[in-house]
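Work through the exercises below with the structure open beside you. Try each task before you read its solution.

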Amino acid sequence: MALAGAVAAAALLPVAYLLVRAGGGGWSALADTLFLDRTARLLVRSLALAAAVSVASAAIGIALAWLTVRCDLPGRRVWRVVAALPLAVPSYVAAFAFVSNVPTLTGFLPTFAVLTLLSYPYVFLPVAAVLERVDPAMEEAARSLGDGPATAFRRVTLRQVRPAAATGSLLVCLYVLSDFGAVSILRFDSFTRVIYQSYQSSFDRRPAAILGCLLLVFTLGILVAEARTRGRARYYGGSRGAQRRPPLVPLGRWRWVALALPVAVAALALIVPLATTLRWLAESVRADVDMARVGRAGGGTVTASVLGAVVTAVAAVPVALLAARSRSRVAAFIERSAFVGHALPGIVVALSLVFFTVRFMNPLYQRLPVLVFAYVVLFLPLAVSSIYGSALQAPPALDEVARSLGKRPGEVFRTVTAPLLAPGVAAGTALVFLTCLKELPATLLLGPVGFETLATRVWSATQAGAFGDAALPALLLVAVGVVPTWALTRRGRTTVS
Amino acid sequence: MSTHAAAVECLGVSKSFGPVQALQATDLTLATGTLTAVLGPSGCGKTTLLRAIAGFERVDGGTIHVSGQAVAGQGLHLPPERRRVTIVPQEQALFPHLTVAGNVGYGVRRGPERDKAVAAMLELAGLAGLGDRMPHELSGGQQQRVALARALAPQPSVVLLDEPFGSLDAALRDEIRSEVAGVLRASGATSLLVTHDQEEALSMAESVAVMRSGVIVQHGPPQDVYRRPADLWVANFVGRANILAGRADGAGKVECALGVLPLVETIAAGPVDVVIRPEQLQLRVDPSGATVEDRRYFGHDVVVGVHLPGGERLLVRLPSADPLPVGSRVTVSSREPVLAFPAAAR
């Protein structure tokens, strides 16, 4: 209990300091930044992008879910897996692929397209999971009450999907607001890019802090809105036990037309980045790329990610145990921790840690421990949700039985709790490790001087127009990203709802 | 300290959760080698009592002795692992990562005797040959026996069973109850069963303690609790009872809607509530008598509802061969003397 509180406090402290820092110049300084025309435009641009991507993702996600789960689409099982894979592509890799083919692809529309192609799985996965579980008896009841097949689908089944789709869209919204890779490469001035530029270019870093806080206000606001909608959206649980599979909708001649959607999405989101990367790789092999530098970046990536994963998993254990064992609001909050993670944009966490270390722990500024701590703050929710399932397997009743059988608390932890948590801790560590590999903004801001990871390598090479240098790290990152995506797909089938 | 044979002795134990007083100066003594049931409705404090004996709850007042040793009292709270009190929790709570033998041996001291003790326990619980299985590979009844064997293996002073049959389905429950009672008897252990099911308490235990609002209101052999309930509430809670308003004459008789009936025990003259169990009543065909309103057939017997001319309604349990159809006219009489409580108690 106390441990879990300490972890939570440590995670939130730097962000709290960011608020102090932003307000530090007094109200007038705050107003100077907040009420600039530039800030207003920035706000409108960022929210417009988030809204547009959310709506488009919802449309694509729901359509693909319906086609692959409820229709006799040719090869629908394969398409179901393929449709989730864009999650594996880091946004800066996709952006690199597009911009390196057509350098003029910058601004709103390309950014919108890239982010939509990568984030629609957040809608697709939960909606497909719900569609798979919807009890056909409900649709049959609607039919028996006089609805035609299309009407019954619209009036009954689609209603069941709505909460999952809404939740997924909000997740997309958070993803877009906190994305740094794609917007910075495609030169679209959204919050994260402007914060980074303002941090890099001017001596006075307070505007960056203020904008960071503003972004935080919006992402947290979205989180609260999500909690509200979910509170009322409990109605699609369906019945338990073995269920009949709903019958497939025959598409007839339209099958091949319908197939165009998954094919087009897969081509743009997967084939283009992959083919582009391979093409640049082939060219760079001829152009004699600096393999030693890629090797160093790989080493840096692994070092930082291993440390980040292990520390995060250890910190997550008490939090997950507390969440699993109390029925309080804390537990409910942590169950939604996937959202909390997305609500803290990497750039904001990084910025807050820069301020915090410079002010209070200067010797640690731009040293590895701070970067590792940033990973802990960013990915703690991910680790907690992984361990949470295992923690449910170790209820307090087991501790009590063990105590009554003569074991002291320490022995109980060693012989009962720890073995039961082990699988969740292992999975959480692996998931955090793979996510750390891809992390960009925090690594960029907090990494030691001269320190590179595969992610920062892709980003800086692309910024410099050295596309050949970006190819190999990009390819490695995509290959590695497939694993957590696979895990997420499996989770989507069972628990995301 | 006392040297008598009580396995557990609770004296004036009290425990509050905020404003809720779960235990109010509760007294309970368990004789060594017996199975005692604490019977009460949900929320009466029976689980709190069990958790206080086990050491999971710290008591606010009173003392608890286990085998003559004080485990809880003024400034004393022995941790659960030092009380020699084991539990079989509601949902069994088997360790999912250990085999059956690993579960049963968990509380047994490491050493050459351990394997032998585990094997003997498995044998006793009817689990011979299942030692290498994992808990999830067992049936509900087998899991129940593993939980029991695990609790018995360290040879505790007392085994506590916390509503252990609630999670089993009805068809299985009866069989497993008698198995568990058999294993407990064979092991010679002292045990305490907490339950809200009066049938379970009466059929399994050698002694039944009825609990209400944190207080033990009656403690005795099952037949006493059923036939001589301490008050009207116990009469109603333990088994079915017909209650009729009546007037005692102070000389061993009571007058009520069934006429003048002899009392089991003389009480002071005045208004009383007469308690009659459904199986104490009998019916005789009588065209001018009460009316049979409904009948529920249970196979082994039949319960009929009878509407008396005065408006009272009685339940009567009859052998199922009795062919009285709904609408029959009957007179109702008692086979034996009845119990009564002063009416003010209501």
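The exercises that follow concern a predicted model.

**Exercise 1. Describe the overall build of chain B: its elements, its extent and its burial.**

Step 1. Start with the secondary structure. Chain B holds 8 helices and 20 strands.

Step 2. Take the extent along the principal axes. The C-alpha atoms of chain B fit a box of roughly 80 × 45 × 35 Å.

Step 3. Turn to burial. Chain B has 346 residues, and 40% of them count as buried.

Step 4. Look at sequence separation. Among the contacts in chain B with a separation of 6 or more, 65% join residues 24 or more positions apart.

**Exercise 2. Find the domains of chain B and state how they touch.**

Step 1. Set the bounds. Domain 1 covers 6-84 + 156-236, and domain 2 covers 240-345.

Step 2. Place the centres. The C-alpha centres of the two domains of chain B are 34 Å apart.

Step 3. Count the residues in contact. Domain 1 of chain B contributes 4 residues and domain 2 of chain B contributes 6.

Step 4. Sort the domain 1 side by class. That side has 2 nonpolar, 1 polar and 1 charged residues.

**Exercise 3. Which strands form the open sheet of 4 strands in chain B, and in what order?**

Step 1. Read the order. It runs β18-β17-β16-β19 in chain B, with antiparallel pairing.

Step 2. Identify the edges. β18 (313-319) and β19 (329-334) of chain B each pair on one side only.

Step 3. Check the turn. With direction ignored, neighbouring strands are turned by 55 degrees against each other on average.

Step 4. Zoom in on one pair. In chain B, β16 (residues 281-297) and β17 (residues 301-307) share 6 bridges in the antiparallel sense. One bridge partner can be named: R295(B) is matched by V304(B) in β17(B).

**Exercise 4. Are the residues of helix α1 of chain B buried or exposed? Then treat α22 of chain A in the same way.**

Step 1. Apply the cut-off. A residue is buried if 20 or more other C-beta atoms lie within 10 Å of its own.

Step 2. Count in α1 (residues 46-54) of chain B. Here 9 of 9 residues are buried, and the helix is mostly covered. The buried residues include K46(B) and R51(B).

Step 3. Look just past α1(B). G55(B) has a positive phi of about 100 degrees.

Step 4. Count in α22 (residues 454-463) of chain A. This helix is largely enclosed by the rest of the structure, because 8 of its 10 residues are buried. R457(A), V458(A) and W459(A) are among them.

Step 5. Look past α22(A). G465(A) follows, with a positive phi near 80 degrees.

**Exercise 5. Locate the largest nonpolar core and say what feeds it.**

Step 1. Size it. The core has 247 residues.

Step 2. Name the residues with the most contacts inside it. They are V127(A), A320(A), L351(A), A374(A) and V458(A).

Step 3. Find the largest share. Helix α18 (residues 368-392) of chain A gives 17 residues. Domains 1 and 2 of chain B each give at least three.

Step 4. Follow V127(A). Beyond its neighbours within four places in sequence, its contacts include I62(A), A65(A) and V161(A).

**Exercise 6. How many residues does each chain bring to the contact between chains A and B?**

Step 1. Count. Chain A brings 15 residues and chain B brings 16.

Step 2. Assign elements on the chain A side. α19 (396-404) and α20 (409-438) each supply at least two residues. The largest share, 7 residues, comes from α19(A).

Step 3. Sort by class. The chain A side splits into 8 nonpolar, 3 polar and 4 charged residues.

Methods: Residues are numbered from 1 along each chain as its sequence is written. Chains are lettered from A and ligands numbered from 1 in the order in which they are written. This is a predicted model: local features need pLDDT of at least 70, side-chain atom pairs count only at pLDDT 80 or more; totals for chains, interfaces and linings use all residues. A nonpolar core is a set of buried Ala, Val, Leu, Ile, Met, Phe, Trp, Tyr and Cys residues joined through C-beta atoms within 7 Å. A residue is buried if 20 or more other C-beta atoms lie within 10 Å of its own, exposed if 12 or fewer, and partly exposed in between; C-beta atoms are placed from the backbone. Domain bounds come from an automatic or database domain assignment. Two residues are in contact if their C-beta atoms, placed from the backbone, lie within 7 Å. Ala, Val, Leu, Ile, Met, Phe, Trp, Tyr, Cys and Pro count as nonpolar, Asp, Glu, Lys and Arg as charged, and the others, Gly among them, as polar. Two strands pair if DSSP finds at least two bridges between them. Axes are lines fitted to C-alpha atoms, for helices over the stretch in contact, and angles run from 0 to 180 degrees between N-to-C directions.
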